[in-house]
Each structure stands twice: as structure tokens, then as C-alpha cells.
Amino acid sequence: MDTDKKSYYKNNRLKQMRAFCEVVRTGSVTLAAQRLFLSQPSVTLQIQAMEREMGVTVFERRGPVLKLTPDGEALHSLAKPLVLGIDSLQENFAAQHGKLDSGVLNIGAGESTILYILPEAVSRFVNAHPRIQLKIDNVTGRDGLKMLRADEIDFAVGSMLDVPDDITYQPVATFDPALIVPLNHPLADHPSVTLEEISQYGLILPPRHLSTWRMVKYVFQQHNLTFTVTLEAGGWEVIKKYVELGMGISIVTDICLTGTEKLVSIPLNQYFPQRGYGLVLRKGRFLSPQARRFVEILQEVYGLEATPTQLSVRD
């Protein structure tokens, strides 16, 4: 095979692998075509050509659902890092030469994390790298994990109680639990409170699918107590406002307390553990130079030293 034919063959193979990986990522030939700015038939033909040349079938085609065959899974595990490496070659080269001045960084985080954990790191990152496009998606829990697994975000930052097998969680900062009550509440002049006292009043908590609700439920159950939720509200700022208005009391993480609120904060360390916030990463995810730099800055903000082990998500 002459040089021109080899070059054409390798270039064509890269297009096929890119189309294949995009279909796996999106779960749809149509969506993959849109993201690659190709027609749907072109993507289909590229994958069919790849299957023919490799002598494999990569998808089980059952109506609209595409499922990887064992050969497809094996090929995807090999192809994905190659495609990511080629697509980020220029950025990686620039980063190694101290020129981190382009590219895109997508981060997923819940509202409380965006408001209280990220601002200083975001400010430092934007000031140091103004040409990098930074996007923060306001997502929590299952939605954040879904985006992470679909490679729609580079990583997430948040709090996790249960870590799935395909996810790596690296704590960055911890904060104390606290009860917040209105200024005129019967518990407002108590330096400390018991769970029995708390159980007499209605709680305002985040939605029940989030970790705060589960933690409160677990702690009360451990003490053979029940609690009443009078209101579910998303976001610490909303919860604080409703507590100020006398609509209930709440259990929060003290990072959200500035000291200017019109409410009273009472420590709950004797009952609840500290709340950790950290990096949520998909195992096997290739971290771009932009993502690695943001992680380093976030760890600097909270007094942690970034090590190669911490920044690796390939284990």
C-alpha cells in the first residue's frame, strides 16, 4: 500500500471511530450526526464500513435502541481514548508548553455548590485563563451523574453519600451541620438542641431525592424518632428565606450561612456528620488540560495540594 493510500485509510478510520464513539455517547445515530455536523446516512455508512473492515458487529439493532455487543464494548474501550487524544492534541500540546489559552470547560454543580463552593475558584480560573470558555450547568444528583456518564460535562462538584462503581469522588472541603430557626422561635435562645426538640417542629428541607433529606431521615431513625416536613424547597437561599419568614426550621450546612441572615444558627455536630463537597469524576474519563487546571485551582482555594494521583481518574 503506497503512502497516499495509507494516509487516506488512517484518516478514514479516525472518522469512523469518531462517529462510532459519538453514537455510543449519545445513544442515537441522529444525535451523533447533529453533533458531528454530518447527515444521518453518513454516520450510518461510516459505522457499517468500520464493522466491515474490522470484521465485527458493534451494535445489537433492536428497533430504535442501540446496544453495544461484546465486540462493540471492547472496540469502544480502545477507540475512545484514541479519539479523545487526537481531538485534544492541540490543547494538550499548548498546555505542556504553558499556553493554556483556549478550549472549553464544562462543569456540573448544584445551586448550593455554585453559590458557596465554586465562586473563588471560578474567579481565579477566569482571571488566569480568560480565553477558555467556562460553562457551569446547574444540575444535582441523578441529572449530574447522567451528564457525567454521557460526557456532557468534564466533571461535577458536589456532595455524595453513595458513590457508584463507575464514579470517583475526591473530597475537597468539609463543613459543619447546623439548625436554623427564626429569631423569635422557641429554640432561638438555646445554645444547643436535641433531636427530640427538633422533632416537635416542622422542617423545611431540599427535595427528598437529594442527600440532605436522606441524611436527616437516617439520623432520626437511628434515634428512633420521626420528623415532619412542612415544605420542600430547592436551594439553601430559598430555605433560609422561608425560615426567616417563620415558615419552619431547617437543617443546613453552615457554608451557606454568612452571618447577615435574620435567623439563629445552632450547631448540630453531636448528631450529624460534617458535609463534604468534592470532585465527582467518571472513571476512565480523560481530563483535559483545562479541567486539570481548574481542579488544581479548586484544591488551592481549599488548601489541598493537587497530586498526580488525585488528578487521575483512570483507576
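User: Buried means under 20% relative accessible area, exposed over 50% and partly exposed in between, for a 1.4 Å probe and protein chains only. What percentage of the 315 residues of the protein chain count as buried?

Analyst: This is a predicted model in which local features need pLDDT of at least 70 and side-chain atom pairs count only at pLDDT 80 or more, while totals for chains, interfaces and linings use all residues. Residues are numbered from 1 along each chain as its sequence is written, and side-chain values use heavy atoms, with hydrogens and water left out. Of the 315 residues of the protein chain, the share that counts as buried is 44%.

User: How many helices and strands does the protein chain have?

Analyst: Both kinds of element are DSSP runs numbered from the N terminus, helices being H or I over at least four residues and strands E over at least two. On that basis, the protein chain has 13 helices and twelve strands.

User: Among contacts between residues at least 6 apart in sequence, what percentage join residues at least 24 apart?

Analyst: A contact means heavy atoms within 4.5 Å. Within the set of contacts between residues at least 6 apart in the protein chain, the share joining residues at least 24 apart is 71%.

User: How do helix α7 and helix α12 lie to one another, oblique or roughly parallel?

Analyst: The axes of α7 (residues 119-128) and α12 (residues 289-301) come within 9 Å and cross at roughly 130°, where axes are lines fitted to C-alpha atoms, for helices over the stretch in contact, and angles run from 0 to 180 degrees between N-to-C directions. Under 35 degrees counts as roughly parallel, over 145 as roughly antiparallel, 65 to 115 as roughly perpendicular and the rest as oblique. Their crossing therefore makes the arrangement of α7 to α12 oblique.

User: Which residues of α12 are met by Glu-120, Ala-121, Val-122, Arg-124 and Phe-125 in α7?

Analyst: The α7 side of this contact is made by Glu-120, Ala-121, Val-122, Arg-124 and Phe-125. Facing them in α12 are Gln-290, Arg-293, Phe-294, Ile-297, Leu-298, Glu-300 and Val-301.

User: Which strands stand at the edges of the open sheet of three strands, each with a single partner strand?

Analyst: Two strands pair if DSSP finds at least two bridges between them, and β7 (residues 177-182) pairs in the antiparallel sense with β10 (residues 250-253) over four bridges and with β11 (residues 263-267) over five. The order of the open sheet is β10-β7-β11, and one side of each edge strand is left without a neighbour in the sheet, because each has a single partner there. The twist from one strand to the next averages 35°, and the edge strands are β10 and β11.

User: Which residues stand opposite Ile-180 in β10 and in β11?

Analyst: Strand β7 is largely enclosed by the rest of the structure, because six of its six residues are buried. Helix α11 (residues 236-244) lies across β7, β10 and β11, running at about 140° to β10. Opposite Ile-180 stand, in β10 and β11 respectively, Ser-250 and Ser-265.

User: How far apart in space are Glu-261 and Pro-182, C-alpha to C-alpha?

Analyst: Glu-261 has its place in the loop between β10 and β11, and with 15% relative accessibility it counts as buried. Leaving aside neighbours within four places in sequence, Glu-261 is in contact with Lys-240, Glu-244 and Cys-256. Although Glu-261 and Pro-182 are 79 residues apart in sequence, their C-alpha to C-alpha distance is 9.7 Å.

User: Is Asn-106 buried or exposed?

Analyst: Asn-106 lies in strand β3 (residues 104-109). Beyond its neighbours within four places in sequence, Asn-106 is in contact with Lys-135, Glu-152, Ile-153, Asp-154 and Phe-155. Its relative accessibility is 18%, so Asn-106 counts as buried.

User: What relative accessible area does Phe-37 have?

Analyst: Most residues other than glycine have a negative phi. Phe-37, in the loop between α2 (29-36) and α3 (40-54), instead has a positive phi near 60°. Phe-37 is exposed, its relative accessible area being 77%.

User: What is the phi of Asn-224?

Analyst: Asn-224 lies in the loop between α10 (211-222) and β9 (228-232), and it is exposed, with a relative accessible area of 73%. Although Asn-224 is not a glycine, its phi is positive, at about 55°.
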